[in-house]
Amino acid sequence: MILGTGIDAVSIQRAKKLQGKVLEKIYNPSEIAEYEALANAHEDIRAQFLASRFAVKEAYAKARGTGFNGIVIPNEIITRKEEDGRPYIELCGKTLDNAPHCVIHLSLTHEEPLAIALVILETVPEED
């Protein structure tokens with residue numbers, strides 16, 4: 001059963017302006033490290049990274065139906081990649097503590113001017 005769905009689109013150009021304390025408030029330290037590892041990449045690639053990760057955070061909060069409210073915290077929603085490149089969400093802190101027991105499905109895309117994320121929360125099938 002679907003518990004919630006969320007979709008969000010973020011301007012890639014707007015993400016170019018994010019820096020300093022704003023990054024720390026929105027992104028997990030591991031995401032910031034991954035972003036900093038892109039130091040030699042083109043600024044559009046760096047902006048796509050930030051925009052797509054922010055879209056994931058917003059889409060997850062929408063799927064939860066909560067927004068960012070102290071229970072769902074942006075820098076506790078981390079976008080990771082499987083070995084084959086597929087993205088997935090990892091939660092930590094209060095966001096994990098208050099998360100429903102469910103499967104989180106994630107899809108990402110980016111095409112100038114937007115990065116878009118879709119999150120679906122699905123109940124975990126009960127074992128017999």
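## Asp8 and its partners

D8 sits in strand β1. The model you are looking at is predicted, and D8 is a friendly place to start reading it. Is D8 buried or exposed? With a relative accessibility of 12%, D8 counts as buried, because the cut-off for that class is under 20%. Its side chain still has a polar partner: a polar contact of 2.8 Å links the side chains of D8 and K62.

Which residues does D8 touch once its neighbours within four places in sequence are set aside? The list is A55, E58, A59, K62, A115, I116 and A117. K62 therefore appears both as a contact of D8 and as the partner in that 2.8 Å polar contact. A55, E58, A59 and K62 fall within the span of α4, which runs over 43–64, while I116 belongs to strand β5, residues 114–123.

## Ile116 on strand β5

Seen from the other side, I116 has D8 among its contacts. Leaving out residues up to four places away in sequence, I116 touches I7, D8, A9, A55, S107, L108 and T109. I7, D8 and A9 lie within the 2–11 range of β1, and S107, L108 and T109 lie within the 102–111 range of β4. A55 is worth a second look, since A55 is listed as a contact of D8 and also as a contact of I116.

I116 is partly exposed, with a relative accessible area of 29%. For a sense of distance, its C-alpha atom is separated by 20 Å from that of L38, and the two residues are 78 apart along the chain.

## The largest pocket

How much space lies in the largest pocket? The computed figure is about 240 Å³. Its lining is made up of 14 residues, and those nearest the centre are F49, S52, R53, K81 and H110. If you want to find the pocket on screen, these five names are a handy starting point.

Three elements each supply at least two lining residues: α4 (43–64), β2 (77–81) and β4 (102–111). Of the elements, α4 gives the most, with five residues. By class, the lining of the largest pocket holds five nonpolar, six polar and three charged residues.

## The second largest pocket

The second largest pocket has a volume of about 180 Å³. Which residues line this pocket? They are A9, V10, S11, R14, A15, L18, I26 and F54. A9 also turns up among the contacts of I116.

β1 (2–11) and α1 (12–15) each supply at least two of the lining residues, and β1 has the largest share, with three. The class make-up of this lining is six nonpolar residues, one polar and one charged.

## Two helix residues: Leu23 and Ile45

L23 is part of helix α2, which covers residues 21–26. L23 counts as buried, at 11% relative accessibility. Beyond residues up to four places away in sequence, L23 touches L18, I32, Y35 and L50. L18 also belongs to the lining of the second largest pocket. L23 and N75 are 52 residues apart in sequence, with their C-alpha atoms 9.0 Å apart in space.

I45 is found in helix α4. At 41% relative accessibility, I45 counts as partly exposed. From C-alpha to C-alpha, I45 and G4 are 30 Å apart in space, and 41 residues apart in sequence.

## Cysteines without a disulfide

How many disulfides does a search of the whole structure find? The count is zero. A disulfide is a covalent bond between the sulfur atoms of two cysteines. The sulfur of C92 has its closest cysteine sulfur in C102, and the 16 Å separation is too far for a bond, because a disulfide needs the two sulfur atoms within 2.5 Å. Looking from C102 gives C92 as the closest, again at 16 Å and too far.

Their accessibility values fall in two classes. C92 counts as partly exposed at 25% relative accessibility, whereas C102 counts as buried at 18%.

## A cis peptide bond before Pro113

Most residues other than glycine have a negative phi, and most peptide bonds are trans. Where is the cis peptide bond? That bond joins E112 and P113, with omega at about 20°. P113 has its place in the loop between β4 and β5.

Definitions and conventions:
Residues are numbered from 1 along each chain as its sequence is written. This is a predicted model: local features need pLDDT of at least 70, side-chain atom pairs count only at pLDDT 80 or more; totals for chains, interfaces and linings use all residues. Side-chain values use heavy atoms; hydrogens and water are left out. On a 1 Å grid over the protein atoms alone, a cavity is a set of points where a 1.4 Å probe fits but cannot get out, and a pocket is an open set with protein on both sides within 12 Å along at least five of seven lines; lining residues have an atom within 4 Å of a point. Grid points are joined across faces, edges and corners, and a volume is the space filled by probe spheres set on the points. Helices (H or I, at least four residues) and strands (E, at least two) are DSSP runs, numbered from the N terminus. Ala, Val, Leu, Ile, Met, Phe, Trp, Tyr, Cys and Pro count as nonpolar, Asp, Glu, Lys and Arg as charged, and the others, Gly among them, as polar. Buried means under 20% relative accessible area, exposed over 50%, partly exposed in between (1.4 Å probe, protein chains only). A polar contact is a pair of N or O atoms within 3.5 Å; within protein, one must be able to donate a hydrogen and the other to accept it, and residues adjacent in sequence count only if both atoms are side-chain atoms. Contact means heavy atoms within 4.5 Å.
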